[in-house]
Amino acid sequence: MILSVENVSKRFGGLQALDKVTLSVKEGEIFGIIGPNGAGKTTLFNTINGVYPPTEGRIKFRGEDVTGLPPYELSKRGVGRTYQVVRPLGELTVHENVTVGACFGRENLPLEKAEKVADEVLEFVGLVARRDMLASKLNVAQKKRLEMARALAARPILILLDEVLAGLNPQEVGDMLGVVRKIREQGVTIIMIEHLMHAVMNLSDRVFVLDYGAQIAEGTPQEVSNHPKVIEAYLGDPEVAKRFLEGTSS
Amino acid sequence: MSTLQVTNLESGYGEVQILWNLSLGLQPGKLTSLVGSNGSGKTTLLRAVTGLIKPWKGNVTFDGKDVTKISPHEKAEMGLVLVPEARQLFTDMSVIENLEMGATPKAARAEFKQTLEWVYSLLPRLKERQNQLTGTLSGGEQQMVAIARGLMARPKVLMFDELSLGLSPLLVINLFEVLVKLKGQGLTMLLVEQNVQMALAVSDYAYVLSNGRVEIEGESRKVMGMESVRKAYLGI
């Protein structure tokens, strides 16, 4: 296992955002995380890459206990991350943004080498044409690619993708899915949070479902999408609807 | 003819397009539901229809008039009324004061007393609570106040955004029974709901949104059994 999350809980005051979450991710797989709004998906990412420590539980990356380490320590060890709300350094160029990612990554590269890596990564995500533009001038789809490029420039072993498809049009979604597949082909393990169901279901080897901070299902996309608890979480409880219909017809 | 007709509507936020060539209609006296997963565009559609955000393309007609570019308060005056998500009540005001705030259209002001009696007959609990501060009511009671405030405007079309969110099953059933009564009185309604099972159980006609488009539409009873509904939510 490349990553193990063991009994991780996170509380914010009275809110139990994560409730004893346990999961393991295998090397080389695409692991999808889904769940209704507020289920705790991004909170889970935040505890994995050290944005904040879990209230309880352990996180192990390649056998090492990394619980509570800050994000830059995880980046050095090979855990990359994109954020749902992209925040590029707007006053820097696209190339400079990606160079920053390379400087503070796993290889801790000196500037010249980092610049080279940045060029390679821009090629990889298809942003070469925008290399010298200010990051603030990019459109949504390009900003999403930049976010991806910045994470990839750190040369991660495991990358956490938080809704990289959100806000993209169908054409852009297709292009982005191509990039995700290419990342996997390079041997990088991927955990992705995604609301776009057809994408996550078609791409993932395994899918993990959170609801109210707790696991409700885990398995292949086929298993998960037919799981009664998952259907209930997304579509509502059929029993309640039945009770309502029986009440109104009598 | 539809009381409210949306034709080829496109809209979104900033440069992000959310709604794609979306059309739907509300038949007079019917309860229509609009369901779809997170981020499918339900609330955005309501915002574009009411005028809280601008439609980029397409149009909205209400009672046969093109209202695409008409401001939200003018639409409310015409009888197109929204019960918003998370209720948005005046919590430091009493129940009756919240209801007075609902009766802002001219016609509604003129009939205030009769309307209030009618609303209290539908939601008797509110009469008991009329002088209580709204913020001190339970979640279910607050949702009743939100519905009541919408009704006080004497709507021709009443739209609900996420009526059942955060409420217990029993309360949801109670609220939906109120919708059934309103339907019995001929009110045209649009119910935007995350709880698909309940929405399909109560409505006559349903639209299923997925990624800002109408994925499925039909009589609710037929839509209920469709495998494609599960697929629209869960991808495969």
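The domain assignment of chain A divides it into domain 1, made of residues 3-78 + 157-249, and domain 2, made of residues 86-155. Like everything described in this report, these domains belong to a predicted model.

**The two domains of chain A**

The C-alpha centres of domain 1 and domain 2 of chain A lie 26 Å apart, and where the domains touch, 13 residues of domain 1 of chain A are in contact with 13 residues of domain 2 of chain A. On the side of domain 1 of chain A that touches domain 2 of chain A, the elements that give two or more residues are α2 (71-77) and α6 (170-185) of chain A. Of these, α6(A) gives the most, with five residues. When the residues on this side of domain 1 of chain A are sorted by character, they divide into seven nonpolar, three polar and three charged.

**The build of chain B**

Chain B contains eleven helices and ten strands. Its radius of gyration is 17 Å, close to the 18 Å that the globule rule gives for 236 residues, so chain B is as compact as a globular protein of that length. Taken along the principal axes, the box filled by the C-alpha atoms of chain B is roughly 50 × 40 × 35 Å. Buried residues make up 47% of the 236 residues in chain B. Among the contacts in chain B with a separation of 6 or more, 66% are between residues 24 or more positions apart.

**Where the chains meet**

The contact between the chains takes 22 residues from chain B and 28 residues from chain A. On the side of chain B that touches chain A, at least two residues each are supplied by β2 (16-26), α8 (169-184), α9 (196-202) and α11 of chain B, and the largest share, six residues, comes from α8(B). The residues on this side of chain B divide into twelve nonpolar, seven polar and three charged.

One pair of helices from the two chains can be followed in detail. Two packed helices are described by the angle between their axes and the distance between the axes. Helix α9 (residues 228-235) of chain A and helix α11 (residues 227-234) of chain B pack at an angle of about 80°, with their axes 10 Å apart, which makes α9(A) roughly perpendicular to α11(B). In this packing, Val230(A), Ile231(A), Tyr234(A) and Leu235(A) of α9(A) meet Arg230(B), Tyr233(B) and Leu234(B) of α11(B). The residues of the contact of α9(A) with α11(B) divide into six nonpolar, no polar and one charged.

**Two asparagines with positive phi**

Most residues other than glycine have a negative phi. The table lists two residues that have a positive phi although they are not glycines.

| Residue | Phi | Place | C-beta neighbours inside 10 Å |
|---|---|---|---|
| Asn7(A) | near 55° | strand β1 (residues 3-12) of chain A | 13 neighbours |
| Asn211(B) | about 50° | loop between β9 (205-210) and β10 (213-219) of chain B | 21 neighbours |

Are these two residues buried, partly exposed or exposed? A residue is buried if 20 or more other C-beta atoms lie within 10 Å of its own, exposed if 12 or fewer, and partly exposed in between. With 13 such neighbours, Asn7(A) therefore counts as partly exposed, whereas Asn211(B), with 21, counts as buried.

Conventions:
Residues are numbered from 1 along each chain as its sequence is written. Chains are lettered from A and ligands numbered from 1 in the order in which they are written. This is a predicted model: local features need pLDDT of at least 70, side-chain atom pairs count only at pLDDT 80 or more; totals for chains, interfaces and linings use all residues. Helices (H or I, at least four residues) and strands (E, at least two) are DSSP runs, numbered from the N terminus. The radius of gyration is taken over C-alpha atoms; the globule rule is 2.2 Å times the number of residues to the power 0.38. Two residues are in contact if their C-beta atoms, placed from the backbone, lie within 7 Å. Axes are lines fitted to C-alpha atoms, for helices over the stretch in contact, and angles run from 0 to 180 degrees between N-to-C directions. Angles under 35 degrees count as roughly parallel, over 145 as roughly antiparallel, 65 to 115 as roughly perpendicular and the rest as oblique. Ala, Val, Leu, Ile, Met, Phe, Trp, Tyr, Cys and Pro count as nonpolar, Asp, Glu, Lys and Arg as charged, and the others, Gly among them, as polar. Domain bounds come from an automatic or database domain assignment.
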